[in-house]
Amino acid sequence: VLFRSVTDTSGEPVRISQVMLAPATKELERVSRLVKGTVSGAGGAFRFEGVAPGQYVVLAFEDAEPGLAEDPEFRAGFAGLGTLVDLAPSRDQTVEVRSVSTSAFR
């Protein structure tokens with residue numbers, strides 16, 4: 001389980017942000033069963049369940065079109081802005097993620 005909150009650049013919680021979890025390695029980033037998405041709720045909270053151990057990048061998009069963040073090519077342009085997490089077996093992990101505005105990169 002991976003959970004925490006999404007914040008903006010000033011550290012304030014962001015509601016309703018698309019949050020994506022994807023493998024950090026090029027070899028696995030296109031394995032769709034390893035890519036998970038959710039939407040942050042009140043106070044920027046989000047949660048992923050059933051995540052296999054490994055190294056992941058967590059990205060939060062404040063203005064991405066629905067479904068766009070699931071595209072590996074789209075995510076690749078923002079990978080350096082994500083939060084890197086190393087998930088161990090049978091352990092919960094908490095992480096804070098900064099939201100990314102896609103309009104700044106268009």
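**Stop 1: two rings in the core**

Select F46: its relative accessible area is 5%, so F46 counts as buried. Here buried means under 20% relative accessible area, exposed means over 50%, and partly exposed is in between, all with a 1.4 Å probe and protein chains only. Before you go on, note that this is a predicted model, in which local features need pLDDT of at least 70 and side-chain atom pairs count only at pLDDT 80 or more, while totals for chains, interfaces and linings use all residues. Residues are numbered from 1 along each chain as its sequence is written, and side-chain values use heavy atoms, with hydrogens and water left out.

Now add F48, which is buried too, with a relative accessible area of 2%. A pair of aromatic rings is described by the distance of the centres and the angle of the planes. How many aromatic pairs does the structure hold? There are 4. Rings of Phe, Tyr and Trp (its six-membered ring) pair if their centres lie within 6.5 Å; planes under 30 degrees apart are stacked, over 60 edge-to-face, and the rest tilted. F46 and F48 make an edge-to-face pair, with 5.8 Å centre to centre and 65° between the planes.

For a second pair, select F74 and F78: this one is tilted, at 5.0 Å centre to centre and 45° between the planes. Both of these residues are buried. Add F61 to your selection, and you have one aromatic cluster made of F61, F74 and F78.

**Stop 2: the nonpolar cores**

In soluble globular proteins, nonpolar side chains tend to be buried together. A nonpolar core is a set of buried Ala, Val, Leu, Ile, Met, Phe, Trp, Tyr and Cys residues joined through side-chain atoms within 4.5 Å. The largest one has 15 residues, and V19, L21, F46, Y56, V58 and V85 have the most contacts inside it. At least two residues of this core come from each of strand 2, strand 4 (45-48), strand 5, strand 6 (83-87) and strand 7 (93-100). Strands (E, at least two residues) and helices (H or I, at least four) are DSSP runs, numbered from the N terminus. Which strand gives the most to this core? Strand 5 does, with 3 residues. Apart from this core lies another, of 11 residues, including A22, F61, A64 and F78.

**Stop 3: A60 and T7**

Select A60, in strand 5. Is A60 buried or exposed? A60 is buried, because its relative accessible area is 0%. Show what surrounds A60: leaving out residues up to four places away in sequence, A60 touches V6, S17, Q18, V19, V97, R98, S99 and V100. Contact means heavy atoms within 4.5 Å. If you draw a distance from the C-alpha atom of A60 to that of M20, 40 residues apart along the chain, you should read 6.3 Å.

Next, go to T7, in strand 1 (residues 2-7). T7 has 4% relative accessibility and so counts as buried. Its contacts, neighbours within four places in sequence aside, are E12, P13, V14, E96, V97, R98 and S99.

**Stop 4: three alanines in loops**

- A42 sits in the loop between strand 3 (36-39) and strand 4. With a relative accessible area of 60%, A42 is exposed. Its C-alpha atom is 8.0 Å from that of V14, 28 residues apart along the chain.
- A64 is in the loop between strand 5 and helix 1. At 12% relative accessibility, A64 is buried. Beyond residues up to four places away in sequence, A64 touches Q18, F74 and T102.
- A79 belongs to the loop between helix 1 and strand 6. At 39% relative accessibility, A79 is partly exposed. The C-alpha atoms of A79 and A24, 55 residues apart along the chain, are separated by 8.4 Å.

**Stop 5: the largest pocket**

Keep A79 selected and add A22, P23, A24, T25, K26, E29, V57, L59, P72, R75 and A76: together they line the largest pocket. Strand 2 (18-23), strand 5 (54-61) and helix 1 (72-76) are the elements that give two or more residues to this lining. The largest share, 3 residues, comes from helix 1.

On a 1 Å grid over the protein atoms alone, a cavity is a set of points where a 1.4 Å probe fits but cannot get out, and a pocket is an open set with protein on both sides within 12 Å along at least five of seven lines; lining residues have an atom within 4 Å of a point.
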